[in-house]
Amino acid sequence: MFTSDSPDVIVVGAGVVGAACAYYAARHGLSVTVLDRGPVAGGTTGAGEGNLLVSDKEPGPELELALLSTGLWRELADRLPERVEYEPKGGLVVASADAGMKALRDFAAAQTTAGVTAHEIPADRLADLEPHLAPGLAGGFHYLQDAQVQPALAAAHLLRASGARVRTGEEVTAILTGPDGGVRGVRTRAGTVRAPRVVNATGTWGGELARLAGSHLPVMPRRGFVLVTEPLPRVVRHKVYAADYVADVASGSAALQTSAVVEGTPSGPVLIGASRERVGFDRTLSVEALRRLAAQATALFPVLAGVRAMRTYAGFRPYLPDHLPAIGADPRVPGLLHACGHEGAGIGLAPATGLILARLLTDAEPPLDTGPFDPGRFTSGP
């Protein structure tokens, strides 16, 4: 049974979502233990670009979550060390032809009614924002709320600021339940940790943890690659991508899709993403994905054609079929809560997710309607 040393809540997963859950739970007066089978940010978080985007989200629940997180990231930037590299640099979405520009215009108009700040940039003014952009583009939209953070450092500093007890290298092998079916803690290879509530923040492995508890969450891995260039002067000022990126994010296709997102970093390298495909947990290097990303990036920024790519890395985005994360209580297992399935937006959506979970854990009013994120929409499965 629980003792004075038992935490109020166990967060499984030391990526940025788990770190945000720990941070906000602690700020709501709860004691927290964080467990991860690997190191801090050793999964999807450590393979992310650090995108904090509203520009790619149509009006609806995910955009509401993103807008809430945008404000929370600004607050966190004042509390966390500068080393998390938070940059409110804005995003620039460009179109190569008039038809693409019309689609961007319609998309931005709908977003503006939902609270997004977007300004149309005519073709002859694109160079004011990005001097090295390719000529001949039809125009674009400047999104002032888009930002960037160094995700692994953000996770580490959120955990440190939370004051949570962090135990890495401890894989959860069982969810312990009582006679009523409610959570009583977890078992790891190092022993048992007792607590009345467990948060599943295991990202791509969220479905596995749900199964350990006797529940169901259809999280699937969606592999993506990022190219990292040699350090450069600041040749890319914003987060820049072409209009087809939005459609690729919303697609449920399992096939390889690539749509370059190009951004500079404070330390110098340019990051080039993003690819996506469902191939399970296969980490095999895809030369085709990297070739496409390089070609699309240099089409946007010809100056990159002569730049060396120093390394590449792969990660797995936690994909759910309706493209919305699972945030909230599991209806099958009292005391189990989920915070996973954010696909490629987990870094951006982490603070809002953490705040929602903290409110639910303390029986307080959530900051927005959590109905669309209810894990119960999936847990009636097998």
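Here is a short chat about how the chain and one of its strands are described.

Me: What kind of model is this, and how are residues numbered?
Reply: It's a predicted model, where local features need pLDDT of at least 70, side-chain atom pairs count only at pLDDT 80 or more, and totals for chains, interfaces and linings use all residues. Residues are numbered from 1 along each chain as its sequence is written, and side-chain values use heavy atoms, with hydrogens and water left out.

Me: How do you know what radius of gyration a compact globule would have with 382 residues?
Reply: The rule is 2.2 Å times the number of residues to the power 0.38, with the radius taken over C-alpha atoms. For 382 residues that gives a value near 21 Å, and the chain has 21 Å, so the two agree.

Me: What makes strand 4 mostly covered?
Reply: Buried means under 20% relative accessible area, with a 1.4 Å probe and protein chains only. In strand 4 (residues 91–95), five of the five residues are buried. Gly91, Val93 and Ala95 lie on one side, Leu92 and Val94 on the other. In a regular strand, side chains alternate between the two faces of the sheet.

Me: How do you know that strand 4 pairs with strand 6?
Reply: Two strands pair if DSSP finds at least two bridges between them. Strand 4 and strand 6 (residues 139–143) have five, in the antiparallel sense, and valine 94 stands opposite glycine 140.

Me: What about strand 4 and strand 14, in which sense do they pair?
Reply: Parallel, over four bridges, with strand 14 covering residues 239–242. There, lysine 239 is the bridge partner of glycine 91.

Conventions
Buried < 20%, exposed > 50% of the residue type's maximum accessible area, 1.4 Å probe, protein only. Helix = DSSP H or I, 4+ residues; strand = E, 2+ residues; numbered from the N terminus.
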